[in-house]
Amino acid sequence: MSYGRYFEELEPGQTFRHWPGRTITEFDDTLFSLLSMNQHPLHIDEHFAAGTQHGRRLVEGPIVISLVIGMSQADIGGSALETLEYSEVRHAGPVFHGDTVYAESTIVEKSILDAGRGVIALEHRGVNQRQETVLTMRRKIVARRQPLP
């Protein structure tokens with residue numbers, strides 16, 4: 001069984017709604033904060049965060065990006081041989097401990113590079129349990145080609 005799709009199976013306009021989603025716990029966010037050495041008080045200091053516009057701690061943005069990319073693996077990204085770029089990353093809304101993030105990906109372009117490498121351009125969107133967009137971003141990958149018969 002293949003993990004992800006071959007380049008030839010992906011066409012501009014296709015949208016994949018990835019499942020399941022992932023509920024982000026306080027442990028997830030604290031661990032990520034420690035691993036990434038991001039000690040901003042908005043992520044680790046409840047008292048500080050209570051005095052901000054959101055009134056509580058926010059989940060670190062890079063964990064949301066990682067989850068959205070990870071959720072795409074079974075449908076698309078698992079066939080990637082390499083990632084060429086990430087661009088237009090926008091945090092469209094806050095994510096809090098206990099929120100569930102879901103993702104969808106749309107193929108926006110495909111092309112052939114040197115040596116026959118198949119490039120897929122994707123738009124990813126992360127939404128929370130209320131269907132509010134919390135993240136949008138673009139990514140380009142080199143997708144696996146189907147073997148010749």
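Biologist: What volume does the largest pocket have?

Modeller: Start with the general idea. Rolling a probe the size of a water molecule over the atoms shows where empty space is left. In this predicted model, the largest pocket comes to about 160 Å³.

Biologist: Which residues line the largest pocket?

Modeller: Three histidines are easy to pick out on the structure: H43, H54 and H91 are among the lining residues. The lining also includes L58, V59, G61, V64 and G93. P94, V95 and V134 complete the list.

Biologist: How many lining residues are nonpolar, polar or charged?

Modeller: Six are nonpolar and five are polar. The lining has no charged residues.

Biologist: Let us turn to the strands. How do side chains sit along a strand?

Modeller: In a regular strand the side chains alternate between the two faces of the sheet. Now take β5, residues 133–143. Strand β2, residues 80–91, pairs with β5 in the antiparallel sense. That pairing has eight bridges.

Biologist: Which residue in β5 stands opposite R90?

Modeller: T136 does.

Biologist: How many bridges join β4 to β5?

Modeller: Ten, and these two strands run antiparallel. Strand β4 covers residues 118–127. For one pair to find on screen, look at V119, whose bridge partner in β5 is V142.

Biologist: What lies between β4 and β5 in the hairpin?

Modeller: Five residues. Q131 sits in that turn and has a positive phi of about 65°.

Biologist: Now single residues. Is S33 buried or exposed?

Modeller: Read the relative accessibility against the cut-off: buried means under 20%. S33 has 2%, so S33 counts as buried. Its place is helix α1, residues 26–36.

Biologist: What lies 2.5 Å from a polar atom of the S33 side chain?

Modeller: The backbone oxygen of N38. N38 also appears among the residues that S33 touches, together with Q39, I44 and E60. That list leaves out residues up to four places away in sequence.

Biologist: And Y102: which accessibility class does this residue fall into?

Modeller: Partly exposed lies between the buried limit of 20% and the exposed limit of 50%. At 29%, Y102 therefore counts as partly exposed. Y102 lies in strand β3, residues 100–112.

Biologist: Which residues does Y102 touch, beyond four places in sequence?

Modeller: One run is R125, G126, V127, N128 and Q129. G21 and M71 are touched as well.

Biologist: How far apart are the C-alpha atoms of Y102 and R5?

Modeller: They are separated by 20 Å, with the two residues 97 residues apart along the chain.

Key. Residues are numbered from 1 along each chain as its sequence is written. This is a predicted model: local features need pLDDT of at least 70, side-chain atom pairs count only at pLDDT 80 or more; totals for chains, interfaces and linings use all residues. Side-chain values use heavy atoms; hydrogens and water are left out. Helices (H or I, at least four residues) and strands (E, at least two) are DSSP runs, numbered from the N terminus. Buried means under 20% relative accessible area, exposed over 50%, partly exposed in between (1.4 Å probe, protein chains only). A polar contact is a pair of N or O atoms within 3.5 Å; within protein, one must be able to donate a hydrogen and the other to accept it, and residues adjacent in sequence count only if both atoms are side-chain atoms. Contact means heavy atoms within 4.5 Å. Two strands pair if DSSP finds at least two bridges between them. On a 1 Å grid over the protein atoms alone, a cavity is a set of points where a 1.4 Å probe fits but cannot get out, and a pocket is an open set with protein on both sides within 12 Å along at least five of seven lines; lining residues have an atom within 4 Å of a point. Grid points are joined across faces, edges and corners, and a volume is the space filled by probe spheres set on the points. Ala, Val, Leu, Ile, Met, Phe, Trp, Tyr, Cys and Pro count as nonpolar, Asp, Glu, Lys and Arg as charged, and the others, Gly among them, as polar.
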